[in-house]
Each structure stands twice: as structure tokens, then as C-alpha cells.
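Reader: Happy to look at this one with you. Could you walk me through the model, one question at a time?

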Amino acid sequence: MVPVAAGEQKNSLGLVKQSFLLTKEIKDAHRLDHYLAQWLKEPLSKEQIQRKRRLVQELARMTRKMHTMGLNHRDYYLSLIHI
């Protein structure tokens, strides 16, 4: 992602109340919920199971990194993650 703009609004205590991040378009990216709906159909092959596990591990790693950096996303849904 290439950031274009970012901003935040703080409350009277100096804590971030609202924030945003705007990025350039990510070409050829797909919403994760749409991507999963296309290939996660039962029964899953061994390859699909391995791919699903890698995806879950990567999402967990990314989430841990965000939280470690102090980023807490209150709208963290598969539809907002692009691959």
C-alpha cells in the first residue's frame, strides 16, 4: 500500500478518538471475503486446507503486528482486507 493521506482527531485527554488512512488504489486486489467464497467450498483438498492455514497464520501475524504497534481497528472484517 502507498499512503496518500492520514489524519486523527484526539479527545480532550489527548487520546486518539478517530483516525483514517487513505491509500492509492491497489490494482488487481480482491476483497478477502469474496476470494474465500470462490475457493472455500466443501470438501476442501489438502492443498486448500494448507492454503487456508497459511492465510489464517498470516492474518494472525498481521493482526499481532498492528496491535503491537498500537493500532486497533474497530472495523476489522474480511471485506476490508484485500489480497
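**Helix α1 and its surroundings**

Author: Gladly! Helix α1, residues 32-39, has Leu 32, Leu 36 and Trp 39 as its buried residues. They lie on the same side of α1, because the arc they cover around the axis is only 80 degrees. Please keep in mind that this is a predicted model.

Reader: Which element do the buried residues of α1 pack against?

Author: Buried here means under 20% relative accessible area, and Leu 32, Leu 36 and Trp 39 of α1 meet that cut-off. The element that these buried residues pack against is α2 (46-68).

Reader: What pattern does the protein follow along the sequence?

Author: The secondary structure comprises two strands and two helices. Read along the sequence, their pattern is β-β-α-α.

Reader: What radius of gyration does the protein have, set against a compact globule of 83 residues?

Author: The C-alpha atoms fill a box of roughly 55 × 25 × 15 Å along the principal axes. For a compact globule of 83 residues the radius of gyration would be near 12 Å, but for the protein the value is 16 Å.

Reader: What share of the residues is buried?

Author: Let's start from the surface: the accessible area is about 7500 Å², and 55% of that belongs to carbon and sulfur atoms. Of the 83 residues, the buried share is 12%.

Reader: And how far apart do the centres of the positive and negative side chains lie?

Author: The protein carries 15 positive and 8 negative side chains. The distance between the centres of the two sets is 5 Å.

Notes:
Residues are numbered from 1 along each chain as its sequence is written. This is a predicted model: local features need pLDDT of at least 70, side-chain atom pairs count only at pLDDT 80 or more; totals for chains, interfaces and linings use all residues. Side-chain values use heavy atoms; hydrogens and water are left out. Helices (H or I, at least four residues) and strands (E, at least two) are DSSP runs, numbered from the N terminus. The radius of gyration is taken over C-alpha atoms; the globule rule is 2.2 Å times the number of residues to the power 0.38. Buried means under 20% relative accessible area, exposed over 50%, partly exposed in between (1.4 Å probe, protein chains only). Accessible areas come from the Shrake-Rupley method with a 1.4 Å probe; for residues, only the protein chains shown count as cover. Lys and Arg count as positive and Asp and Glu as negative; His and the chain ends are not counted. The place of a charge is taken as NZ of Lys, CZ of Arg, CG of Asp or CD of Glu. The arc is that of the directions from the helix axis to the C-beta atoms. Contact means heavy atoms within 4.5 Å.
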